[in-house]
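Here are a few exercises to work through with the model open in your viewer. Try each one yourself before reading the solution.

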Amino acid sequence: MRRVIYPGTFDPVTNGHIDIVKRAIDLFDEVVVTVAKNPAKTSMFTVEERVEMLRKSLDEFPNVIVDWFDGLVVDHAKALGAVGIIRGLRAISDFEYEFQMALMNRKLSAGLKTIFLMPHEKYTYLNSTIIRNLAQFKSDISEFVPEAVAEKLKAKFQS
Ligand code: COA
């Protein structure tokens, strides 16, 4: 039973993240998508809201579990018995930060592998900040995010 974790802020989850989850499902027996309670980032949605949006967006996949963590990602991975950490690489600009994080995580926990997956190229320009900005100005974001997220954003910014 090979379990991996896919950590992120997911504020909110986008179709780019879902694309990465689907690729990870093809490779591993179980994928735990885990929301970081990251004090360094000011988030639009609470951890509970981000978890709920992920659960609704991924409920068709029985081998995907959604949870949250605070503290170090390696500690959460170890507690879950995960063999690796999934991260998405969209462009070269992601590389340096991801490289540093992967090497630090390897230093902290030598057995844990970081696995990089590339989403479909149509998602390379997507991130959660862009989605939040578009939604604030009531732009249609339905082609970029799962339905549950589009509904949540619509409700948030309805005047
Ligand atoms: N499609 C679309 N967007 C994507 C994406 C994809 N496939 N992959 C990443 N992104 C976007 C996110 O939406 C996010 O956009 P935003 O900055 O506009 O909100 C950005 O890329 C990066 O987000 P994310 O993947 O959530 O990473 P992060 O940098 O916010 O969080 C953690 C990374 C949570 C894994 C990291 O901070 C962590 O491990 N924290 C725990 C503490 C720890 O262990 N520290 C030591 C690490 S060395």
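**Exercise 1.** Find what joins the side chains of Asp 11 and Arg 132, and work out whether each residue is buried or exposed.

*Solution.* Keep in mind that this is a predicted model.
- Step 1: pull up the two side chains; they meet in a salt bridge, with N to O at 3.4 Å. That passes, because the cut-off is 4 Å.
- Step 2: see where the partners sit. Asp 11 is in the loop between β1 and α1, while Arg 132 belongs to helix α5, so the pair ties together distant parts of the chain, 121 residues apart.
- Step 3: check accessibility. Buried means under 20% relative accessible area. Asp 11 has 4%, so it counts as buried, and Arg 132 is buried too, at 17%.

**Exercise 2.** Place the salt bridge between Arg 87 and Glu 98 in the fold.

*Solution.*
- Step 1: the N to O distance here is 2.8 Å.
- Step 2: Arg 87 lies in strand β4 (residues 84-88) and Glu 98 in helix α4, 11 residues apart.
- Step 3: Arg 87 is buried at 17% relative accessible area, and Glu 98 is buried at 5%.

For the wider tally, a search of the whole structure turns up seven salt bridges.

**Exercise 3.** Decide which partner is buried and which is partly exposed in the Asp 94 and Arg 90 pair.

*Solution.*
- Step 1: confirm the salt bridge, at 2.9 Å from N to O.
- Step 2: Asp 94 comes out at 12% relative accessibility, so it is buried.
- Step 3: Arg 90 has 33%, which makes it partly exposed.

**Exercise 4.** Which residues have the most contacts inside the largest nonpolar core?

*Solution.*
- Step 1: the core holds 36 residues, and Val 33, Leu 58 and Ile 86 have the most contacts inside it.
- Step 2: elements supplying at least two residues each include β1 (3-8), β2 (30-36) and α6 (147-157). The top contributor is α1, with five residues.
- Step 3: zoom in on Ile 86. Setting aside residues up to four places away in sequence, its contacts include Val 4, Ile 20, Phe 28 and Leu 117.

**Exercise 5.** Where is there a nonpolar patch on the surface?

*Solution.*
- Step 1: look at Ile 92, Phe 95, Phe 99 and Leu 103, which form the patch and together have about 430 Å² of accessible area.
- Step 2: take Leu 103, found in helix α4 (residues 92-108). Its relative accessible area is 37%, so Leu 103 is partly exposed.

Notes
Residues numbered from 1 in each chain as written. Predicted model: local features only at pLDDT ≥ 70, side-chain atom pairs only at ≥ 80, totals over all residues. Heavy atoms only, no water. Patch = residues over 30% accessible without salt bridge, like charges linked within 9 Å, V, L, I, M, F, W, Y side chains within 5 Å. Areas by Shrake-Rupley, 256 points an atom, 1.4 Å probe, with all protein chains shown as cover. Helix = DSSP H or I, 4+ residues; strand = E, 2+ residues; numbered from the N terminus. Buried < 20%, exposed > 50% of the residue type's maximum accessible area, 1.4 Å probe, protein only. Core = buried A, V, L, I, M, F, W, Y, C linked by side-chain atoms within 4.5 Å. Contact = heavy atoms within 4.5 Å.
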